[in-house]
Amino acid sequence: MANVADKPLVHEDDLLIEEYGYDDHFHDHHHGDKFQSNFVTTYFFSQDHKMIAKQFLITGMFWAIVGGLMSLVFRLQLGFPEENMAWLKPVLGKWITVNDAGIGSLAPEFYYALVTMHGTILVFFVLTAGLSGTFSNLLIPLQIGARDMASPFMNMLSYWFFFLAGVVMFFSLFLNTGPFAGGWTAYPPLSALPQASSGSGAGMTLWIVSLVFFVVSVLLGGINYITTVLNMRTKGMSMWRMPLTIWAFFITAIIGLLSFPVLVSAFLLVTFDRSLGTSFFLSEIFIGGQALDHVGGSPILYQHLFWFLGHPEVYIIILPAMGIVSEVLSVHSRKPIFGYKAMVYSILAIAFLSFIVWAHHMFMSGVNPFISNFFVIFTLIIAVPSAVKVFNWIATLYGGNVRFNSASLFAIGFVSMFISGGLTGIFLGNSAIDIQLHDTYFVVAHFHIVMGVAAFFGMFAGIYNWFPKMYGRFMNETLGKLHFWGTIVGAYAVFWPMHYLGMAGVPRRYYRFDSFAAFGSFDLMNQFITVAAIITFGFQLLFVVNFFYSIWKGKKMTDRNPWKASTLEWTTPIEGIHGNWPGKIPTVQRWAYDYGKDGKDFIPQIQPVGADESRDEH
């Protein structure tokens with residue numbers, strides 16, 4: 001063994017890394033952490049992937065609170081349309097109209113703006129940037145044995161383009177005419193004609209600018225993630241030895257790289273229609289009885305472009321959560337992940353199929369029935385790799401010595417949400433049934449459970465599991481379990497009743513339903529959903545308090561591998577350093593899921609394979 005008198009080694013992992021790892025002369029080039037000591041370059045313009053992960057996470061949490069508060073406001077409108085909302089006027093200003101009797105109500109045009117911004121913020125800023133940006137940045141270098149990303153500077157830029165996108169979107173909320181109010185999908189003509197509504201003017205312009213910045217962020221990050229995984233894996237880290245988290249982040253980055261530019265092309269053509277008088281998406285438009293000059297365009301073309309991103313976007317959101325859940329379930333059930341290669345192949349199958357099912361969002365748009373059948377078939381086929389993953393998660397848990405802590409509970413909750421939400425997708429994937437259910441609350445219930453809430457559960461599982469790696473402390477377990485039970489019960493209380501509303505034909509996006517005799521019988525259900533939403537949001541504030549309190553006051557981490565996990569991130573020092581490992585980079589000797597093998601609870605990836613050891617990697 002090399003002479004390491006100048007580096008006192010007190011941990012078995014250090015000894016293994018020193019003996020079997022390799023030296024990339026990192027400190028010869030960077031002189032330790034001195035170049036990273038400036039306060040601004042450490043906490044703001046950091047190029048350390050671990051700090052950038054924290055920036056993505058905390059920014060995403062801010063937007064989750066903003067988007068959640070928006071949903072509470074429009075849920076109050078839906079559940080209690082006759083109640084006095086004048087108390088909100090100091091916050092919402094002119095969007096609360098107060099009559100002579102002092103009774104305040106939400107302005108109808110602002111209701112749709114709230115729905116639009118809620119969808120945009122949660123889908124893009126929270127579940128795309130907050131989830132993938134956080135955990136791809138944190139885990140890719142740590143789990144593949146790299147000092148940092150392939151391009152730390154591009155990594156920094158990816159966060160700041162996301163931050164800039166958020167600033168622009170935030171400013172749009174304070175425009176005199178209000179933020180964009182044409183739905184988060186921004187369908188023409190509402191998005192393509194500035195005069196179509198008050199929310200179609202400057203608010204829509206800022207919405208486009210914001211999302212273009214956001215796409216730049218996604219592309220910068222995605223190129224970095226792909227390059228890092230392909231080129232910077234440590235010795236011995238073959239693709240088939242990568243944790244499933246890395247497979248998920250890697251494939252997610254590829255999907256984003258292929259699909260997001262299509263969205264930008266749609267935005268560019270919308271901007272031409274708005275500003276240059278073109279007619280890509282407009283034809284035979286009348287406003288106030290006056291015919292406009294737009295002829296020959298088709299809003300259906302926009303739908304094709306949008307949903308060519310929009311459906312892969314579903315998997316850009318859910319695949320990272322799937323990878324996190326696979327890792328957390330294996331670690332906390334003390335069992336190897338069941339069917340590792342099947343899990344990888346299912347990720348690849350989902351990625352491929354996600355690009356050829358986009359028009360199942362368009363069954364109501366008049367597409368050819370034969371074409372609809374094509375998309376129905378592949379929509380139902382995509383359920384197969386998803387079902388493989390569900391089966392393997394359950395098989396991983398079966399017979400395991402499961403630790404029921406906050407991380408594993410949220411991972412199990414993810415499986416529950418993914419099953420229950422996914423089953424309702426079978427109905428919507430059938431074009432004949434979708435004609436009845438489309439644009440009802442059934443669709444709202446389906447995608448909120450399978451994509452929204454499930455992805456949040458994956459994010460929470462990841463935060464509770466890797467919080468010690470991020471901050472060197474633990475989150476409070478009692479508050480974590482309270483957060484879990486309040487969230488899972490609350491989420492089902494909010495979204496299961498919506499299925500019944502949808503089957504009864506109650507349309508989504510309506511401002512109020514008391515004008516419709518057919519929907520009057522659902523007043524109590526709408527009130528129940530609203531109360532459940534408020535309570536569930538309260539449990540998320542409990543999580544926020546737990547998160548920030550634990551950063552400074554949580555129980556300190558004394559063991560660098562508290563979960564007894566086998567992957568490389570738990571071989572780094574407790575105090576995170578730039579470059580991740582103080583000396584040599586570890587060499588990988590085995591796959592990532594050696595749990596309960598040969599009488600041992602777990603075997604780290606850096607432990608050499610013994611001569612008498614059974615060989616059953618996959």
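The lining of the second largest pocket divides into 14 nonpolar, eight polar and seven charged residues. The model is predicted. This briefing covers that pocket, a nonpolar surface patch and the surroundings of A592.

**Second largest pocket**

- The volume of the second largest pocket is about 880 Å³.
- Its lining comprises 29 residues, of which T42, Y43, M51, K54 and Y471 are the closest to the pocket centre.
- Five helices, α3 (39–43), α4 (49–79), α7 (152–172), α16 (441–471) and α18 (523–553), each contribute at least two lining residues.
- Helix α4 provides the largest share of the lining, namely six residues.

**Nonpolar surface patch**

- L380, I394, I419, L423, I426, F427 and I433 together make a nonpolar surface patch of about 580 Å².
- The greatest contribution to this patch comes from helix α14 (residues 406–428), with four residues.
- F427, one of the patch residues, is found in helix α14.
- F427 has a relative accessible area of 42% and is therefore partly exposed, since that class lies between the limits of 20% for buried and 50% for exposed residues.

**A592 and its surroundings**

- A592 is located in the loop between strands β6 (555–556) and β7 (595–597).
- The relative accessibility of A592 is 1%, so A592 counts as buried, the cut-off being under 20%.
- A592 and Q605 are separated by 13 residues in sequence, and their C-alpha atoms are 6.0 Å apart in space.

Terms used. Residues are numbered from 1 along each chain as its sequence is written. This is a predicted model: local features need pLDDT of at least 70, side-chain atom pairs count only at pLDDT 80 or more; totals for chains, interfaces and linings use all residues. Side-chain values use heavy atoms; hydrogens and water are left out. Patches are made of residues with over 30% relative accessible area and no salt bridge: like charges are joined within 9 Å, nonpolar side chains (Val, Leu, Ile, Met, Phe, Trp, Tyr) within 5 Å. Accessible areas come from the Shrake-Rupley method with a 1.4 Å probe; for residues, only the protein chains shown count as cover. A salt bridge is a side-chain nitrogen of Lys or Arg within 4 Å of a carboxyl oxygen of Asp or Glu. Buried means under 20% relative accessible area, exposed over 50%, partly exposed in between (1.4 Å probe, protein chains only). On a 1 Å grid over the protein atoms alone, a cavity is a set of points where a 1.4 Å probe fits but cannot get out, and a pocket is an open set with protein on both sides within 12 Å along at least five of seven lines; lining residues have an atom within 4 Å of a point. Grid points are joined across faces, edges and corners, and a volume is the space filled by probe spheres set on the points. Ala, Val, Leu, Ile, Met, Phe, Trp, Tyr, Cys and Pro count as nonpolar, Asp, Glu, Lys and Arg as charged, and the others, Gly among them, as polar.
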